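Biologist: I would like to learn how to read a model like this one. Could you take me through it, feature by feature?

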Amino acid sequence: MGRMLVEQVLASADCVLASALDVTGSPAIGQDAGAALGRTTGIVITADRRAALAVADCLIDFTRPEGTLEHLRLCAELGVKAVVGTTGFTTEQKAEISTLAARMALVMAPNMSVGVNVTLKLLQIAARALSTGYDIEIIEAHHRHKVDAPSGTALRMGEVIADALGRDLQACAVYGREGVTGERDPSTIGFATIRGGDIVGDHTVLFAGTGERIEITHKSSSRDTYAQGSLRAARFLRSRLHGLYDMADVLGLNALP
């Protein structure tokens with residue numbers, strides 16, 4: 001993702017690469033940020049968070065929850081905006097991010113893809129129309145190296161659907177089935193997770209009724225779309241001083257009925 005972000009920033013007409021961060025001990029530390037792309041940027045990859053953020057207007061972060069929180073605390077201190085694509089946050093960590101947003105502007109979304117976020121709007125519409133008589137299952141597939149399950153995108157899909165139906169996802173989600181489970185509870189939202197190979201990210205929501213089923217699917221074939229969406233989010237933040245936003249805000253989808 002880091003390489004994709006660097007590539008998209010370098011290709012942009014209105015964004016400039018100010019710094020590049022990696023974890024302490026990474027073999028990339030000390031290298032030029034464009035080395036993997038065969039480019040020379042003059043920006044050396046560093047593990048010094050404070051120094052890197054001090055020269056930046058906006059951080060784009062696709063790391064792990066603990067690292068992201070450290071970065072956001074520094075951003076709030078230094079007046080740096082942030083775009084967060086990290087997933088796997090706990091309820092407590094999300095609460096801290098909301099608190100930090102009172103002091104800084106940030107866009108946070110489990111998926112930065114424009115297509116995925118349009119899909120979320122379609123799911124909201126479908127859930128309202130198919131609120132009775134349809135069983136809802138969410139199936140997601142990712143590469144073998146992904147560490148959290150279900151994916152943040154799948155969970156966000158569940159949240160959007162549950163909200164449209166007036167349900168609490170924590171109360172109605174079913175994350176696995178094994179053995180004699182009995183008949184399916186029609187009020188539940190099921191999740192199925194697949195991990196294998198180099199799958200970038202596939203998500204399907206199945207609305208299964210009697211005599212028909214509707215499937216809404218999004219498939220990612222490249223991480224480019226996440227990088228492009230991240231830059232769109234960074235541009236959105238230019239005129240914002242503080243607040244917590246999501247990609248629906250960036251795309252103007254929250255203004256739709």
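Biologist: What percentage of the 257 residues of the protein chain count as buried?

Modeller: A word on the source first: this is a predicted model, in which local features need pLDDT of at least 70 and side-chain atom pairs count only at pLDDT 80 or more, while totals for chains, interfaces and linings use all residues. Residues are numbered from 1 along each chain as its sequence is written, and side-chain values use heavy atoms, with hydrogens and water left out. Now to burial: buried means under 20% relative accessible area, exposed over 50%, and partly exposed in between, with a 1.4 Å probe and protein chains only. Here 44% of the 257 residues of the protein chain are buried.

Biologist: How many helices and strands does the protein chain have?

Modeller: Helices are DSSP runs of H or I with at least four residues, and strands are runs of E with at least two, numbered from the N terminus. The protein chain has 9 helices and 11 strands.

Biologist: Thanks! Which residues is Gln124 in contact with, leaving aside its neighbours within four places in sequence?

Modeller: Contact means heavy atoms within 4.5 Å. With those neighbours set aside, Gln124 touches Val160 and Ala164 by that rule. Gln124 sits in helix α5, residues 114-129, and counts as buried because its relative accessible area is 17%.

Biologist: And a residue in a loop: is Gly42 buried or exposed?

Modeller: Gly42 has a relative accessible area of 58%, so it is exposed. Gly42 lies in the loop between β1 (20-21) and β2 (45-46). From Gly42 to Ser26 there are 16 residues in sequence and 19 Å in space, C-alpha to C-alpha.

Biologist: How many aromatic pairs are there?

Modeller: A pair of aromatic rings is described by the distance of the centres and the angle of the planes. Rings of Phe, Tyr and Trp (its six-membered ring) pair if their centres lie within 6.5 Å; planes under 30 degrees apart count as stacked, over 60 as edge-to-face and the rest as tilted. That rule gives 2 aromatic pairs. One of them is Phe236 with Tyr245, an edge-to-face pair because the planes are at 80°, with the ring centres 5.2 Å apart.

Biologist: How do Phe236 and Tyr245 count in terms of accessibility?

Modeller: Phe236 is buried, at 12% relative accessibility, whereas Tyr245, at 21%, is partly exposed.
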